Amino acid sequence: MRNRPGPPFGRVLIRSGNRAARSRAARGRLPPVARRAWPERTCVGCRQRVPASELLRIVAVEDEAGLALRPDPIRRLPGRGANMHPDPACFAQAVRRRAFGRALRLAGVPDDGALAEYLTRQPPRPATRSGEGR
Ligand SMILES: [Zn+2]
């Protein structure tokens with residue numbers, strides 16, 4: 001059974017009214033866009049669309065302990081990924097909404113302990129990481 005509260009905001013369709021562009025997209029080649037900026041992704045917590053580089057990729061891994069969320073800072077792990085600001089506030093929102101299960105198409109609610117721990121160790125802004133002493 002699938003439970004879908006609210007409208008699906010995750011997917012944004014671009015209507016160009018241009019048939020050629022649409023069939024090109026259907027073949028897997030996207031039409032040239034006006035500006036080739038960073039690919040944008042939606043944060044599963046606050047649902048803002050931001051450049052993918054600002055978000056932490058999260059994948060679900062399954063081991064003997066069950067399904068668990070794992071941060072993928074270098075965006076290399078295989079499988080479906082969810083994107084989220086590396087921010088505990090966004091994490092809390094995503095957990096409350098069970099956004100990970102939806103974004104990653106999981107059957108159940110994954111364990112998020114490892115991810116929560118990762119976020120607490122993470123400075124709010126990874127780019128400015130100089131003033132921290134050991
Ligand atoms: Zn966010």
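How many helices and strands are there in the protein chain? In this predicted model, where local features need pLDDT of at least 70 and side-chain atom pairs count only at pLDDT 80 or more, totals for chains, interfaces and linings use all residues. Residues are numbered from 1 along each chain as its sequence is written. The protein chain holds four helices and five strands, these being DSSP runs numbered from the N terminus (helices are H or I with at least four residues, strands are E with at least two). Read from the N terminus, the order of the elements is α-β-β-β-β-β-α-α-α.

Strand E3, residues 56-63, is a useful place to look at the pairing of strands, which requires that DSSP finds at least two bridges between them. With strand E4 (residues 66-72), E3 pairs in the antiparallel sense over seven bridges, and the two form a hairpin with two residues between them; within this pairing, Val-61 has Ala-68 in E4 as its bridge partner. E3 is also joined to strand E5 (residues 81-84) by four bridges, again antiparallel, and here Leu-56 is bridged to Met-84.

Val-59 lies in E3. Its C-beta atom has 19 others within 10 Å, so Val-59 counts as partly exposed, given that a residue is buried with 20 or more other C-beta atoms within 10 Å, exposed with 12 or fewer, and partly exposed in between, with C-beta atoms placed from the backbone. Leaving aside residues up to four places away in sequence, Val-59 touches Arg-70, Asp-72, Leu-77, Gly-79, Arg-80 and Gly-81, where contact means that C-beta atoms, placed from the backbone, lie within 7 Å.

Notes: Two residues are in contact if their C-beta atoms, placed from the backbone, lie within 7 Å.
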